[in-house]
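Me: Got a minute to walk me through a model I've just pulled up? I'd like a plain tour before I go back to the bench.

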Amino acid sequence: MASFIFRVLLTLVLSDLCYRVNGNANFKDVEEKLKQLNKPAVKTIQSEDGDIIDCVDIYKQPAFDHPALKNHVIQMKPSFDLKEEKMSSKNEPAELAVFQTWQRSGNCPEGTVPIRRIRREDLLRAKSVQHTTIEHKDGQLPSINTTAVALPIIVNRSAATLVTLGYNYIGAKGTFNIWNPNVEAQDEYTTAQIWLKAGPGDNFESIESGWTVNPQLYGDKRTRLFVHWTKDSYKTTGCFDMTCSGFVQTSSQHVLGGSIGPVSTEFGKQYYLRFGIYMDPNTANWWLKIGKDIPVGYWPASTLMFYLNHSSTMVEWGGQVYSSNVKKKPHTKTGMGSGKFATGLKGNACSMDNIAIVDFSMQLKYPQWVGTWADEQYCYTALNYQEGYGKLPIFYFGGPGQNYNCP
């Protein structure tokens, strides 16, 4: 009996020792990662929403941890101008007055960029939602100009989008209204965004931006500005914002991952934000512009992409929900867009208008061919709606997730 008790105690001691060793190793890994992500600040701003914003020397931002950017000279602004974009920026209505919360608490000095500080609890809370698998949809496919198109369907993601493809696109834009949809679980998220893609369907490259509600990444359910990229269909590469070396920020006015507002209300005041992603034909860097034609930064051509170094061959506008409970029962209750179906139209559904692409003519134009697609049409819907003759369509999308027809 004594021998048995001794063996039990020895097992408990060894287990505790193993836990302490592994725990210390994990703690060390977390501290090393935090040191890598959080660069020394010239100035620190405490935002009223709880975020800590570090004003970091523009040449010491996380992008320059990438070996290929060791001697990179920052392109401070795009070398191109889109006349139509400049003109429309001057005529934006007051409803487009969306701001980031941290801006009420201070600003960053010249020569620095604002970066949302990553805290220990952020790393401990987050687990990878980037790596996933691709499958192809059987049965009905989206159709563009009466031609069926096989789109890759990504496991654990449900999308409702407007799609154009087949040409060489070097830019795309759209004006989204801003919402704060319900996200049911901590490890789920929802987005409204633009994707520019190129490459094989099972191994595509993608650069993306829009707004998101992502409690696992940010620790709350606020609506936030984001960028994302992947080089291999989200399998092993890519990340949100500046959590890895992939995006060079140039703007001192905007924080990637920063909360935005105000948000739209059902049949009430609507708030909008314009997003545009454009390739600079002189450098092949892909620039993100938001609001009144403000350059936020760029994805460098030299580090990330192969196919996108020339152009994008597919553009999507719309939303997606990430959850292990999409495409199965019971379905997640995480909403997309406003959380209402596309048929709710203006003031009820999430919308994207002023949709346009750019080709090598360097002119903004409505895509020649478009089609809509929803992975789960009873859970989230997509509708390209033309209000009257001679007017460009407005794209509506979204839904509540689980409902009577989506159990």
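Reply: Sure, here is a tour of this predicted model, going from the overall picture to single residues.

Me: What's the secondary structure of the protein, in helices and strands?
Reply: The protein has 4 helices and 25 strands.

Me: And what share of the residues is buried?
Reply: Of the 407 residues, 52% are buried. The protein exposes about 18500 Å², with carbon and sulfur atoms supplying 55% of that.

Me: What about contacts in the protein between residues at least 6 apart in sequence, how many of them join residues at least 24 apart?
Reply: That comes to 74% of them.

Me: Before I get attached to anything, what's the mean pLDDT?
Reply: The mean is 85, and 83% of the residues reach 70 or more. Among the elements, strand β25 (residues 394-398) has the highest mean, 98, and strand β5 (residues 134-136) the lowest, 46.

Me: Where does pLDDT stay under 50?
Reply: One such stretch is residues 1-25, and the model gives that stretch 0 contacts beyond four places in sequence. Another is residues 133-141, for which there are 26 contacts beyond four places in sequence.

Me: OK, on to the inside. Which residues in the largest nonpolar core touch the most other members?
Reply: Those are I207, L288, W299 and W317, in a core of 69 residues. Strand β21 (residues 350-358) gives the most to this core, with 6 residues. Apart from this core lies another one of 6 residues, including I53, W102, C108 and V255.

Me: Why would those side chains gather like that?
Reply: As a general point, nonpolar side chains in soluble globular proteins tend to be buried together.

Me: Stick with I207 for a sec. What does I207 touch?
Reply: Leaving out residues up to four places away in sequence, the contacts of I207 include I194, W195, L196, W229, W286 and W299. W229 is also the bridge partner of I207 in β13.

Me: So there's a sheet there. What's the strand order in the open sheet of 7 strands?
Reply: The order is β14-β13-β12-β11-β20-β9-β23, with antiparallel pairing. β14 (239-240) and β23 (371-374) are the edge strands, each pairing on one side only.

Me: How many bridges join the strands inside that?
Reply: β12 and β13 (residues 224-230) pair over 7 bridges, and β11 and β12 (residues 205-213) over 9. Between β11 and β20 (residues 312-322) there are 9 bridges, and 10 join β9 (residues 157-169) to β20.

Me: I want some landmarks to click on. Which residues stand opposite each other?
Reply: Try A198, which stands opposite E205 in β12. For β20, T190 stands opposite V321, V163 stands opposite E316, and A192 has G319 as its bridge partner.

Me: Is β11 mostly covered or mostly open?
Reply: Mostly covered: 10 of the 10 residues of β11 (residues 189-198) are buried. On β20, 10 of 11 residues are buried.

Me: Which way do the β11 residues point?
Reply: Y189, T191, Q193, W195 and K197 point one way, T190, A192, I194, L196 and A198 point the other way, and all are buried. In a regular strand, side chains alternate between the two faces of the sheet.

Me: And what's up with G199 in the hairpin of β11 and β12?
Reply: G199 takes a positive phi near 105°, and the hairpin has 6 residues between the strands.

Me: Changing topic: where does D51 sit?
Reply: D51 is in the loop between β1 (41-46) and β2 (52-57).

Me: Buried or exposed?
Reply: D51 counts as buried because its relative accessible area is 4%, and the cut-off for buried is under 20%. The D51 side chain makes a polar contact with the side chain of R224, at 2.8 Å. Among the other residues D51 touches are R116, R119, G257 and S259.

Me: Last one, N348. Where is N348?
Reply: N348 lies in the loop between β20 and β21, and at 9% relative accessibility N348 counts as buried. The contacts of N348 include W179, E266, F267 and F341. The C-alpha atoms of N348 and T265 are 8.0 Å apart, although these residues are 83 apart along the chain.

Key:
Residues numbered from 1 in each chain as written. Predicted model: local features only at pLDDT ≥ 70, side-chain atom pairs only at ≥ 80, totals over all residues. Heavy atoms only, no water. Helix = DSSP H or I, 4+ residues; strand = E, 2+ residues; numbered from the N terminus. Buried < 20%, exposed > 50% of the residue type's maximum accessible area, 1.4 Å probe, protein only. Contact = heavy atoms within 4.5 Å. Areas by Shrake-Rupley, 256 points an atom, 1.4 Å probe, with all protein chains shown as cover. Core = buried A, V, L, I, M, F, W, Y, C linked by side-chain atoms within 4.5 Å. pLDDT = per-residue confidence, 0-100. Polar contact = N/O pair within 3.5 Å; in protein donor to acceptor, adjacent residues only side chain to side chain. Pairing = 2+ DSSP bridges.
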